[in-house]
Amino acid sequence: MFENLEHIRENYKDLEMKLADPEVLSDMNKFTKISREYNSLKPIVEKYEEILNAESTIEENQELMNETDDSEMLDMLKEEISESKKNLEKYNEDMRVLLIPKDPNDTKDVIVEIRPGAGGDEAGLFAGDLYRMYNMYADKVGFKTEEIEVTTQGVGGIKEATFVVKGEGAYSKLKYESGVHRVQRVPETESGGRIHTSTATVAVLPEVDDVDITIDPNDVRVDVYRSSGNGGQSVNTTDSAVRLTHIPTGLVVTCQDEKSQIKNKDKAMRVLRARLYELEEEKRNKEIADNRKSQVGTGDRSERIRTYNFPQGRITDHRINKTIYQLEDFLNGNIDEMINSLIAEDQTRKLEQIGE
């Protein structure tokens with residue numbers, strides 16, 4: 001392990017020199033890429049130096065013990081050695097966590113897409129509940145949200161919601177929300193009082209830039225049209241809505257949230273870039289499928305991950321078999337307990353894999 005850590009420290013110092021290189025400073029893309037790598041290695045190098053200092057202290061004090069007969073000095077040295085050994089044990093445990101393979105997207109903002117699944121109007125209402133829940137969560141933890149496009153349906157639910165959550169570590173927190181969310185409750189429109197089951201899908205995509213993925217403008221068809229609201233009525237007098245079609249993949253993104261065509265195109269391009277990046281990630285993940293078996297599921301839109309049971313007032317996450325009996329509180333954005341449990345379980349599984 002120490003041989004690898006020494007290599008990491010050398011790489012860290014090399015990156016530090018590159019960040020001061022005028023050639024790198026003049027190229028923002030290159031500077032951003034190197035800065036990310038440098039910042040990802042910094043906590044590992046700092047912890048490694050703490051380990052080396054603790055070991056050095058133990059070794060020096062042991063040598064001093066061999067050179068003195070003073071009982072008071074010996075007691076002091078023994079106490080320092082004991083303290084250093086405790087610190088060393090903690091530092092080594094910290095290092096094990098730091099050496100867990102990092103998701104390079106963890107520090108990024110995210111684009112969240114919510115769509116109704118099975119269940120008709122009730123699915124649309126549930127999708128609306130999830131949209132509200134994530135917005136309230138973002139507000140509670142100090143993240144900012146930016147609406148890309150939200151399409152409502154007549155009964156008060158949503159057909160689709162696409163929005164950005166901005167904040168340091170947004171993806172590291174919300175990535176576990178990707179998948180199928182299931183609700184069990186009595187719909188307001190159900191006169192017989194029967195429990196109805198419906199679903200909504202959530203996709204959490206890291207927001208990427210040109211450093212991560214480049215789109216050839218020739219591969220994108222741009223269509224503009226007049227924005228419309230519920231029932232198809234025009235809500236804008238100019239052709240400001242934008243539809244982007246990525247010809248090689250067939251991906252289609254629309255945006256009509258802004259009155260400016262330029263702003264709508266920019267927002268749509270951000271979503272398209274994130275979706276293309278997701279496709280690339282899916283290809284990469286298939287190549288390392290064995291590694292993903294040891295991880296908490298993230299990113300699979302077809303995976304049923306959680307049930308919201310209203311009659312019992314509970315939320316159950318099926319990936320970690322965790323149940324919380326505070327449904328109303330949860331839907332009001334207090335989802336940190338579940339997120340932290342998912343993060344802890346994911347880290348535990350990865351540590352077990354490293355041990356194996």
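User: At the start of α3, which backbone nitrogen does a side-chain oxygen of D27 reach?
Analyst: This is a predicted model. In it, a side-chain oxygen of D27 comes to within 3.2 Å of a backbone nitrogen at the start of α3. A polar contact needs N or O atoms within 3.5 Å. The nitrogen belongs to N29.

User: What distance does α3 reach from its first C-alpha to its last?
Analyst: α3 has 39 residues. At 1.5 Å a residue, 57 Å is expected. The value in the model is close to that: 56 Å.

User: Where in α3 does a kink lie?
Analyst: The bend is about 30°. The proline P43 follows shortly after the kink. The kink lies at K42.

User: Which helix gives the largest share of the lining of the second largest pocket?
Analyst: This pocket has a volume of about 650 Å³. Its lining has 21 residues, with R36, E37, S40, D103 and P104 closest to the centre. They divide into nine nonpolar, four polar and eight charged. Seven residues come from one helix, spanning residues 28-66: α3.

User: Is I247 buried or exposed?
Analyst: I247 sits in the loop between β7 and β8. Its relative accessible area is 51%. Exposed means over 50%, so I247 is classed as exposed.

User: How many Å apart in space are I247 and V220, C-alpha to C-alpha?
Analyst: In sequence, I247 and V220 are 27 residues apart. In space, their C-alpha to C-alpha distance is 6.0 Å.

Notes: Residues numbered from 1 in each chain as written. Predicted model: local features only at pLDDT ≥ 70, side-chain atom pairs only at ≥ 80, totals over all residues. Heavy atoms only, no water. 1 Å grid on protein atoms, 1.4 Å probe; cavity = no way out; pocket = protein on both sides within 12 Å on 5 of 7 lines; lining within 4 Å. Points joined across faces, edges and corners; volume = space filled by probe spheres on them. Helix = DSSP H or I, 4+ residues; strand = E, 2+ residues; numbered from the N terminus. Nonpolar A, V, L, I, M, F, W, Y, C, P; charged D, E, K, R; others polar. Expected span 1.5 Å × (residues − 1). Bend = angle between axes of the 7 residues up to and from the residue. Polar contact = N/O pair within 3.5 Å; in protein donor to acceptor, adjacent residues only side chain to side chain. Buried < 20%, exposed > 50% of the residue type's maximum accessible area, 1.4 Å probe, protein only.
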